[in-house]
Amino acid sequence: MATVTYVRTIKFVAQVLEEDPELLQAIVSNDDNLSYGNIITVYTGDDESVTALTDDGMEELEQMLSHARRSPDEWNDFLDSFVDDEKLVARIKA
């Protein structure tokens, strides 16, 4: 396993990948969705934190999304499987 020397916040990853930040946050909120160690929680205060990804995590997420978008049916199945927020799923599907 490579040494991690920096991470990217979900907000920045969303900008780079041109994705909805809420969608990415929903996907990585379950740390089983990416390989162990690719999702990092950075505490910025007593009760405040931000989620970040390693390079491998960003690449894994990008591949996951690309694979899911191969067809409308696969995309809908992906959203239903990986995103628990029904309002967010409805907004993304629209």
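Q: When do two strands count as paired in a sheet?

A: Two strands pair if DSSP finds at least two bridges between them. In this predicted model, 3 strands form an open sheet in the order β1-β3-β2, with antiparallel pairing.

Q: Which strands stand at the edges?

A: The edge positions belong to β1 (8-9) and β2 (39-45). Each has a single partner strand, so one side of each is left without a neighbour in the sheet.

Q: Over how many bridges do β2 and β3 pair?

A: Strand β2 and strand β3 (residues 48-53) pair over 6 bridges, in the antiparallel sense. Within this part of the sheet, Tyr43 stands opposite Ser49 in β3.

Q: Which helix lies across β1 and β3?

A: Helix α3 (residues 55-68) lies across these two strands, and runs at about 70 degrees to β3.

Q: What describes two packed helices?

A: Two packed helices are described by the angle between their axes and by the distance between the axes. Here, the axes of helix α4 (residues 72-82) and helix α5 (residues 86-93) cross at roughly 160 degrees and come within 10 Å. Angles over 145 degrees count as roughly antiparallel, and α4 is therefore roughly antiparallel to α5. The crossing in which α4 passes α5 is right-handed.

Q: Which residues make the contact of α4 with α5?

A: Helix α4 contributes Trp75, Asn76, Leu79 and Asp80, while helix α5 contributes Val89, Ile92 and Lys93. By class, the residues of this contact divide into 4 nonpolar, 1 polar and 2 charged.

Note on methods. Residues numbered from 1 in each chain as written. Predicted model: local features only at pLDDT ≥ 70, side-chain atom pairs only at ≥ 80, totals over all residues. Heavy atoms only, no water. Axes fitted to C-alpha atoms, helices over the stretch in contact; angles between N-to-C directions. Helix = DSSP H or I, 4+ residues; strand = E, 2+ residues; numbered from the N terminus. Parallel < 35°, antiparallel > 145°, perpendicular 65-115°, else oblique. Left-handed = near helix turned anticlockwise from the far one by under 90°. Contact = heavy atoms within 4.5 Å. Nonpolar A, V, L, I, M, F, W, Y, C, P; charged D, E, K, R; others polar.
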